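Got the model open in your viewer? Here is a short walk through it, one selection at a time.

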Amino acid sequence: MSGTGDEDVRTEFGEVVNMTAGDLEKWLESDESKDAGQHDGGESVGHESGRRIVEILRSEKADLSDDDEKHMGKVVGYVHRHLAQKPEGDVTETKWRYSLMNWGHDPLKD
């Protein structure tokens, strides 16, 4: 990958993904993580995305593919859209927070 767009996506991804690969991987094992998001009987889109984010975080920059970059852009878009829908009150134990965490962003770290 090359070009300014790649760097922009990588920079934004680095800003919105505020969980480490280890923290995210541990989170994805929790029941709360598995229950969050939209399900069609199987794994939620966010949970699947979280597993992909762990792979991206553990990859060398030079090893990232165009597909990885597209996913990074998807993560950035999702996190920004979801943050705009923040519910009132304490969000500590909410599906809203858990869904964001599946995408690598813990809003309580902001």
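Colour the chain by burial to begin: buried residues make up 42% of its 110 residues. Buried here means under 20% relative accessible area, exposed over 50%, and partly exposed anything in between, with a 1.4 Å probe and protein chains only. You're looking at a predicted model, where local features need pLDDT of at least 70, side-chain atom pairs count only at pLDDT 80 or more, and totals for chains, interfaces and linings use all residues. Residues are numbered from 1 along each chain as its sequence is written, and side-chain values use heavy atoms, leaving out hydrogens and water.

Now switch the colouring to pLDDT, the predictor's confidence in each residue, from 0 to 100. The average over the chain is 91, and 94% of the residues score at least 70. Among the elements, helix α1 (residues 4-16) has the lowest mean, 86, and helix α2 (residues 21-28) the highest, 97.

Next, turn on the cartoon. You'll find six helices and zero strands. Both are DSSP runs numbered from the N terminus: helices are H or I with at least four residues, strands E with at least two. Zoom out for the overall size: the C-alpha atoms fill a box of roughly 40 × 25 × 25 Å along the principal axes. The radius of gyration is 14 Å, which agrees with the value near 13 Å for a compact globule of 110 residues. That radius is taken over C-alpha atoms, and the globule rule is 2.2 Å times the number of residues to the power 0.38.

Time to go inside. Select Phe13, Leu24, Trp27, Val75 and Val79: of the 25 residues in the largest nonpolar core, these touch the most other members. Such a core is a set of buried Ala, Val, Leu, Ile, Met, Phe, Trp, Tyr and Cys residues joined through side-chain atoms within 4.5 Å. Helices α1, α2, α4 (45-58), α5 (66-83) and α6 (95-102) each supply at least two residues of this core, and α5 gives the most, with five.

Stay on Phe13 and show its neighbours. Leaving aside residues up to four places away in sequence, Phe13 touches Ile53, Ile56, Leu57, Met72, Val75 and Val76; contact means heavy atoms within 4.5 Å.

How many aromatic pairs are there to look for? The count comes to two. Rings of Phe, Tyr and Trp (its six-membered ring) pair if their centres lie within 6.5 Å; planes under 30 degrees apart count as stacked, over 60 as edge-to-face and the rest as tilted.

- Trp27 and Tyr98 are a tilted pair, 5.3 Å centre to centre with 45° between the planes. Trp27 sits in α2 and Tyr98 in α6, 71 residues apart. Both Trp27 and Tyr98 are buried.
- Tyr78 and Trp103 are stacked, because their ring centres are 4.2 Å apart and their planes are at 15°. Tyr78 belongs to α5 and Trp103 to the segment after α6, 25 residues apart. Both Tyr78 and Trp103 are buried.

Last stop: select α6. Is it mostly enclosed or open? Seven of its eight residues are buried, so α6 is largely enclosed by the rest of the structure. The buried residues of α6 pack against α2, α3 (31-35), α4 and α5. Just past this helix, click Gly104, whose phi is positive, near 90°.
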